[in-house]
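Welcome! Take a moment to turn the model around before reading on. The report below starts with one pair of rings and then widens the view.

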Amino acid sequence: MRGLQNSEWAILVFIIAYSFIPTFGGLFRVLELAGGPAIMPANLRASAMPLPIILHILSSFLFLLLGALQFLPSIRTKHPAVHRISGLIVAVAGCISAGSGVWMTHVYGFPVSLQGRLLYWVRITLGLLMIGFIVWAILAIRSRNLVRHRALMLRAYAIGQGASTQTFIGIGWIILYGTEATGPLRDVQMVSAWVINLLIAEALIWTIFVPKRRLAAHAFQKKPLRVGH
C-alpha cells in the first residue's frame with residue numbers, strides 16, 4: 001500500500017467508509033450463523049438456509065473492498081502482478097456475489113413489504129447483468145482493450161455497491177420520517193440506489209476513460225511514420 005498518492009488514499013478511505021455498514025454488518029451475520037452471539041435482528045431465511053447468504057456476504061466483502069484497489073493507478077502501474085491476482089479474485093467474488101444474490105432473490109420467500117415484483121425483476125436483471133459485465137471485462141482485457149475492461153468492471157462495481165447506496169437512502173428516510181419504507185415505496189428506494197450508482201459510473205466512464213482513449217488514438221495518428229534505414 002506504500003506509494004499511493006493522497007488522492008488515491010482519499011478514494012480508498014471513501015469507498016471503505018461508504019461500504020462499511022453493509023460489508024462489515026454482513027460479517028456480523030456470518031459470525032452469528034457460525035454459532036456466535038446474535039447481534040443483529042433475526043433473519044429466518046438466513047437461519048433456515050445459511051449457505052447462500054454466507055457465500056453472498058463473503059464474496060461481496062471481497063468484491064467491494066478488494067475491488068476498490070483495482071481502480072487505483074499506482075497499484076496497476078507499480079504492482080501489476082498484484083493487480084492481476086487480485087483482479088482474478090475480484091472477478092470470481094463478483095460472480096459468486098451476483099449469482100448467490102440472484103439465487104436468493106428467486107428462492108427465498110420475501111414478504112411483499114420487503115420485495116415486490118419491481119424489486120424482484122430488477123434484482124434478477126442486475127445480478128445477471130453484473131455477471132455478464134465481469135465476463136465481458138475478462139474477455140476485453142485478454143484482447144488488450146483496457147478502456148472497455150475498466151468501463152465494464154466499473155459498471156459491475158456500481159451494481160455491487162447497490163447495498164451501500166440503499167443503506168444511506170434508507171437511513172435518510174428513517175431520519176426524515178421516523179420509520180422504514182415498505183412495499184412499493186421500498187422497491188422504488190432500492191431500485192433508485194442502483195440507478196444512481198450506474199449514472200455515476202457512466203459519468204466517470206465518459207469523462208475519464210473515453211477521453212483517454214480518444215487522446216491515445218489522436219497521439220497515435222499524429223505519430224510520424226518511420227522509414228526503414
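Let us begin with Y108, which is buried because its relative accessibility is 8%, below the 20% cut-off for that class. The model you are looking at is a predicted one.

**Aromatic rings**

What does Y108 pair with? Its partner is W103, and the two rings meet edge-to-face. W103 has a relative accessibility of 36%, so it counts as partly exposed. Another edge-to-face pair is formed by Y120 and W121. W121 is partly exposed as well, with a relative accessible area of 48%. The planes of both pairs are over 60 degrees apart, which means that they fall in the edge-to-face class. Here are the two pairs side by side:

| Pair | Centre to centre | Angle between planes |
|---|---|---|
| W103 and Y108 | 6.1 Å | 80° |
| Y120 and W121 | 5.0 Å | 85° |

In total, the structure holds 10 aromatic pairs. Elsewhere, F14, Y18 and F168 are joined into a cluster by ring pairs. A ring can also have a charge for company: the charged end of R123 sits over the ring of F110, at 5.6 Å from its centre.

**The overall build**

How many helices and strands does the protein have? There are 10 helices and zero strands. Of the 229 residues, 39% are buried. Contacts often reach far along the chain: among those between residues at least 6 apart in sequence, 70% join residues at least 24 apart.

**Two buried residues**

H83 is part of helix α6, which covers residues 80-107. With a relative accessible area of 18%, H83 is buried. Beyond its neighbours within four places in sequence, H83 is in contact with Q70, I75 and R76.

Q161 belongs to the loop between α8 and α9. Is Q161 buried or exposed? Its relative accessible area is 6%, so Q161 is buried. Setting aside residues up to four places away in sequence, Q161 touches I15, Y18, S19, L64 and N197. One of these, I15, is 146 residues from Q161 in sequence, yet their C-alpha atoms are 9.5 Å apart in space. Another, Y18, has already appeared in the ring cluster with F14 and F168.

**A pocket to explore**

The second largest pocket holds about 750 Å³ of space. It is lined by 25 residues, and those closest to its centre are I11, I15, F71, L154 and L204. The elements that give two or more residues to this lining are α1 (6-18), α5 (73-78), α8 (146-160) and α10 (184-222). Which element gives the largest share of the lining? That is α10, with eight residues. I15, met above as a contact of Q161, is thus a residue to look for here too, among those closest to the centre of the pocket.

**How confident is the model?**

The average pLDDT of the protein is 86, and 83% of the residues score at least 70. Among the elements, helix α7 (residues 117-142) has the highest mean pLDDT, 97, while helix α3 (residues 44-48) has the lowest, 68. Over residues 215-220 the pLDDT stays under 50, and the model has zero contacts for them beyond four places in sequence. Where pLDDT is low, the predicted coordinates should not be read in detail.

Notes
Residues numbered from 1 in each chain as written. Predicted model: local features only at pLDDT ≥ 70, side-chain atom pairs only at ≥ 80, totals over all residues. Heavy atoms only, no water. Phe/Tyr/Trp six-rings, centres within 6.5 Å; stacked < 30°, edge-to-face > 60°. Buried < 20%, exposed > 50% of the residue type's maximum accessible area, 1.4 Å probe, protein only. Lys NZ or Arg CZ within 6 Å of the ring centre and 35° of its normal. pLDDT = per-residue confidence, 0-100. Helix = DSSP H or I, 4+ residues; strand = E, 2+ residues; numbered from the N terminus. Contact = heavy atoms within 4.5 Å. 1 Å grid on protein atoms, 1.4 Å probe; cavity = no way out; pocket = protein on both sides within 12 Å on 5 of 7 lines; lining within 4 Å. Points joined across faces, edges and corners; volume = space filled by probe spheres on them.
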